[in-house]
Amino acid sequence: MYLSDLALTDFRSYERAIVALEPGVTVLVGENGQGKTNLIEAVGYLSTLSSHRVSGDAALVRQGATAAVVQSRVVRSSAPTTVEVEIYSGRANRARINRGLVRPPEIVGTVRSVLFAPEDLELVSGDPAARRSFLDGIMVQLRPRMVAVKSEYDRAARQRAALLKSAGAARRGGGAADAAALDVWDAQLAKLGARITAARAEIVSRLRPCVDEFYAKVSGGRGPAEIVYRASVGRHGGRAEASGAGGASDFGEGLQEELHDVELNEIRLISAMAERREEEIRRGVNLVGPHRDELELALGTLPARGYASHGESWSYALALKLASWRVLRGDESGEWTEGGEPVLILDDVFAELDARRRDRLARIVEE
C-alpha cells in the first residue's frame, strides 16, 4: 500500500497543499518550521482519527479557518481509494470514502500507517496513558470496529464518574447513593472494557517477540527487552518487582493468555467494581478498567522507565514502533484487503541516534 496523493486545506500551517507521492522511500527535507511534520501528522490522522501531537482537533485547523480538510488517494493491489476527513473545531467532523459521505470511524483502516516521532520517547519515560494510547492506535487499525467500542467506553466512563461524584455528594449530605443506576453503568463499563482489555492483551502478545528482536537490532545486541500487559483487575502477568525478575515468564504465559478471554474479563471487572464501589464513591473516580491498565516495559531485570539511558529509551521507543509495523503488516484477521502493508513514517529520527544506531536503523528499514 502507498499514498499517491496527499491534499491539505487549512490544516495546521497549510492554506492549501498537494503532494504527489510514489511507491518506495520518500524523504521530506526542509528548514525547521516549514511544515514537514504537519504533512505526516495528516497521514497519521487519516489512520487513527487522532494526532500524535495534540489531544484535541482544534489545533489542527489553521488559524482563522473554520475547518481543515485532509484528503488522500490510497493505492493497493486493487483500485485506488480516495479518503477524506473534514476537521471542525467545536463540532462533529465529516468523512468521505470515494466521495460518499460516511461516519468518520468508517475511514479507519483505509490508510494504515505507523509513525515514529520525537514525542514517542514518552512511550518509555512518560506516564501509562502514553503507552495505552500506543496500544489503542494499533488496536483501531487492526480492528477498525474497536473505534466505536473505545468511544462508547470513554462516554460510559465519563457518565459513571459523574454518577460516582453525585453519589459521594449525596452521602456527604446524609442521603444515599443510587445503587441501581451504578449497577447499570457497572455492567456497561465492564462489557466494553472487557473487549478493550482483551484486544490490547492480544496485541501485546503479538508485539512481545518483535519488540525484543528490534531492540536487539537497533541497540546492537543489548537487551532483552520485554513487555507485559498489566490489567487493573484480575490475575495477570507482570514484572515481579519484589524478586527483581522481569517479563511475562515470571508469571507464566497462561496468565497473560487469560486476559484474551472477554467473558472472563467482564466477570472480573464487575466483581472489582463491586468490591471497590465505596472507595470509588468516596473519591468520585473510576478506579477499575482499561483506562487504569499499564503496558510495562523492562530491560533485562529492570523497568525501562527510570533506569534506561536516553539512548536505550530512544532505541526502545523505536523498537515498539517497528514492532507495531511488523504486527500490522502480518495481520491475518481477514479484515484487511490485499496490499494492506502499512506505511512506515520516521520523523526526525536520526537526530537523536548515534552513528551506529543510525546505520542499524537504516538497514532495518532499507526494504
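Trainee: Which residue in β3 stands opposite Leu6?
Mentor: Good place to start! Strand β1 (residues 2-11) and strand β3 (residues 67-75) run antiparallel and are joined by seven bridges; strands (E, at least two residues) and helices (H or I, at least four) are DSSP runs numbered from the N terminus, and two strands pair if DSSP finds at least two bridges between them. Opposite Leu6 in β3 stands Ser72.

Trainee: What pLDDT do local features need in this predicted model?
Mentor: Residues are numbered from 1 along each chain as its sequence is written, and side-chain values use heavy atoms, with hydrogens and water left out. This is a predicted model in which totals for chains, interfaces and linings use all residues, side-chain atom pairs count only at pLDDT 80 or more, and local features need pLDDT of at least 70.

Trainee: Which residue in β4 does Val70 stand opposite?
Mentor: Stay with β3, which also pairs in the antiparallel sense with strand β4 (residues 81-88), over eight bridges. There, Val70 stands opposite Val85.

Trainee: Which are the edge strands of the open sheet β8-β9-β10?
Mentor: The three strands of this open sheet pair in the antiparallel sense, in the order β8-β9-β10. Pairing on one side only are the edge strands, β8 (225-230) and β10 (302-303).

Trainee: What is the bridge partner of Glu226 in β9?
Mentor: β8 and strand β9 (residues 294-299) are antiparallel and share six bridges. In β9, Glu226 is partnered by Ala298.

Trainee: What angle does helix α5 make with β8?
Mentor: Two helices are worth a look here, with contact taken as heavy atoms within 4.5 Å. Helix α3 (residues 128-142) packs on the sheet, touching β8 and β9, and its direction makes about 100° with that of β9; axes are lines fitted to C-alpha atoms, for helices over the stretch in contact, and angles run from 0 to 180 degrees between N-to-C directions. Helix α5 (residues 179-219) lies across β8 and β9, and its angle to β8 is about 175°.

Trainee: How many of the 20 residues of α9 are buried?
Mentor: From first C-alpha to last, α9 reaches 29 Å, close to the 28 Å expected, where the expected span is 1.5 Å times one less than the number of residues. Buried means under 20% relative accessible area, exposed over 50%, and partly exposed in between (1.4 Å probe, protein chains only). The helix is largely enclosed by the rest of the structure, because the buried residues number 15.

Trainee: Is Lys321 in α9 buried or exposed?
Mentor: Lys321 touches residues including Val114, Phe116 and Leu123. Its side chain also makes a polar contact of 3.0 Å with that of Asp120; such a contact is a pair of N or O atoms within 3.5 Å, and within protein one must be able to donate a hydrogen and the other to accept it, while residues adjacent in sequence count only if both atoms are side-chain atoms. At 11% relative accessibility, Lys321 counts as buried.

Trainee: What is the length of the polar contact between the side chains of Arg160 and Glu280?
Mentor: Arg160 sits in helix α4 (residues 146-172) and is buried, with a relative accessible area of 0%. Among the residues it touches are Trp185, Asp186 and Met273. The polar contact joining its side chain to that of Glu280 is 2.7 Å.

Trainee: Which kind of aromatic pair do Phe116 and Trp314 form?
Mentor: Rings of Phe, Tyr and Trp (its six-membered ring) pair if their centres lie within 6.5 Å; planes under 30 degrees apart count as stacked, over 60 as edge-to-face and the rest as tilted. For Phe116 and Trp314 the centres are 5.5 Å apart and the planes at 90°, making the pair edge-to-face.

Definitions and conventions
Lists of a residue's contacts leave out its neighbours within four places in sequence.
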